[in-house]
Amino acid sequence: MTDTAPRPTLEAVAARAGVSRATVSRVVNGGDGVRDILVERVRKAVEELGYVPNQAARSLVTRRHDAIAVVVAEPETRVFADPFFALQLRGISKELTAHDNQLVLLLTEGRDDHARVGRYLAGGHVDGALVFSLHLDDPLPELIQRAGVPTVFGGRPGWSGDRHGVAYVDSDNRGGARDAVRHLVGLGRTRIAHITGALDQTSAVDRLDGYRDVMVDADRRLIAEADFTPAGGERAMRELLDRCPDVDAVFAANDLTAAGALRVLRESGRRVPDDVAVIGFDDMLPVAEQTDPPLTTVRQDIEEMGRLMARLLLRGPDQGTRREGVGGTSSSVVLPTTLVRRASA
């Protein structure tokens, strides 16, 4: 074993800077009321000594932990397999890192995990929470409300009860779906099917509503329910071909679903886009550019959604985040979507 040098203390920094311990504490913890010349001397002493503040002690003074919980209401098998979550987490991480905050990732497999997350948030370990991929019957909103933790949600709230003042970030799912279906109509397609996402999530409901806005009199058999996964897309596409073999276009609720549908169409001998045109939703490049053929899709800026969630939480809803091209109130942001045309439609 080797001896390690003792950690520099607040007193050592005060002695090096020639100021009081209280002055060092105010500077280190970001307090006001210290002259610029003294601030500079303290910062120089901190650098020379390699002083690192004790986070536990600092939290007692500032009542802040510089840590944000990111709660994903999905099992780890889904989170680590779907690039959507990686993109959103990357956006969140970039924003938190820029503000010297740590990301604490919490996943939920079932009801026991919901209770665990609720206890953790109520325990005062973090300064706030970012929560996304909620399902309509999810108990997390109520648990978070009880914990009293500032929270921003990813996606339009869809749970019952009081939603006044709920802060959230979302994309224009309904408008993006309308654009996709209108594009298919413009191509002369008449038997346009929709493969939904998980209908216990508001994004899937909004995209289904957007499809119905355009296809007002659509055959109900042209709607097949899935779950935002490639396997779900495959299963739903087989159902559609069985009951509606004359389908000539498909709007899928996300790119992974579209990828599954493309595989089934290829296996069945259908040519894309000649026989069946296909459009997805998300524009996740690892998926959309690698399908055969490359996927026409509705782009939502997933990474930017993550950044805005973190920014809204760190700034507080009273400061707002409205900007040109973005809708929403001071506690909500709805990002626009765009149709990205490739070879599939």
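A residue is taken here as buried when its relative accessible area is under 20%, and the structure described is a predicted model. By this criterion the buried residues of helix α9 are N173, G175, G176, A177, A180, V181, H183 and L184. The 14 residues of α9 should span 20 Å at 1.5 Å a residue, and the C-alpha atoms at the two ends of the helix are indeed 20 Å apart, in agreement with that expectation. Just after α9, a positive phi of about 90° is found at G188. Salt bridges that share partners connect R174, R178, D209 and D213 in one network.

Over the whole chain, 14 helices and 12 strands are assigned, and 51% of the 345 residues count as buried. The exposed surface of the chain amounts to about 16900 Å², of which carbon and sulfur atoms supply 48%. Among contacts in the chain with a separation of 6 or more, 69% are accounted for by residues 24 or more positions apart.

Strand β9, formed by residues 277-282, is mostly covered, with six of its six residues buried. In a regular strand the side chains alternate between the two faces of the sheet. In β9 both faces are covered, since A277, I279 and F281 on one side and V278, G280 and D282 on the other are all buried. Strand β8 (residues 249-252) runs parallel to β9 and is joined to it by three bridges, and within this pairing V250 has V278 of β9 as its bridge partner. Together with helix α12 (residues 255-267), strands β8 and β9 make a β-α-β unit that is right-handed. Strand β9 also pairs in the parallel sense with strand β10 (residues 296-299), over four bridges, and here the bridge partner of G280 is T297 in β10.

Side chains of opposite charge can pair when their charged atoms come close. The structure holds 25 salt bridges, one of which is formed by the side chains of R311 and E95, with an N to O distance of 3.3 Å. Because R311 lies in helix α14 (residues 302-315) and E95 in helix α6 (residues 83-98), this pair ties together parts that are 216 residues apart in sequence. R311 counts as buried at 18% relative accessibility, and E95 likewise counts as buried, at 5% relative accessibility.

A further salt bridge joins the side chains of D219 and R191 at 3.7 Å, N to O. This pair links distant parts of the chain, 28 residues apart, with D219 placed in the loop between α10 (202-214) and β7 (223-224) and R191 in the loop between α9 (173-186) and β6 (192-195). D219 is partly exposed, its relative accessible area being 22%.

The side chains of E234 and R263 also meet in a salt bridge, at 2.8 Å from N to O. As E234 belongs to helix α11 (residues 230-243) and R263 to helix α12, the pair ties together parts that are 29 residues apart in sequence. R263 counts as partly exposed, at 32% relative accessibility. Helix α12 thus carries one partner of this salt bridge, while also taking part with β8 and β9 in the right-handed unit described above.

Conventions. Residues numbered from 1 in each chain as written. Predicted model: local features only at pLDDT ≥ 70, side-chain atom pairs only at ≥ 80, totals over all residues. Heavy atoms only, no water. Buried < 20%, exposed > 50% of the residue type's maximum accessible area, 1.4 Å probe, protein only. Pairing = 2+ DSSP bridges. Right-handed = clockwise from strand over helix to strand, strands pointing away. Salt bridge = Lys/Arg side-chain N within 4 Å of Asp/Glu carboxyl O. Expected span 1.5 Å × (residues − 1). Contact = heavy atoms within 4.5 Å. Areas by Shrake-Rupley, 256 points an atom, 1.4 Å probe, with all protein chains shown as cover.
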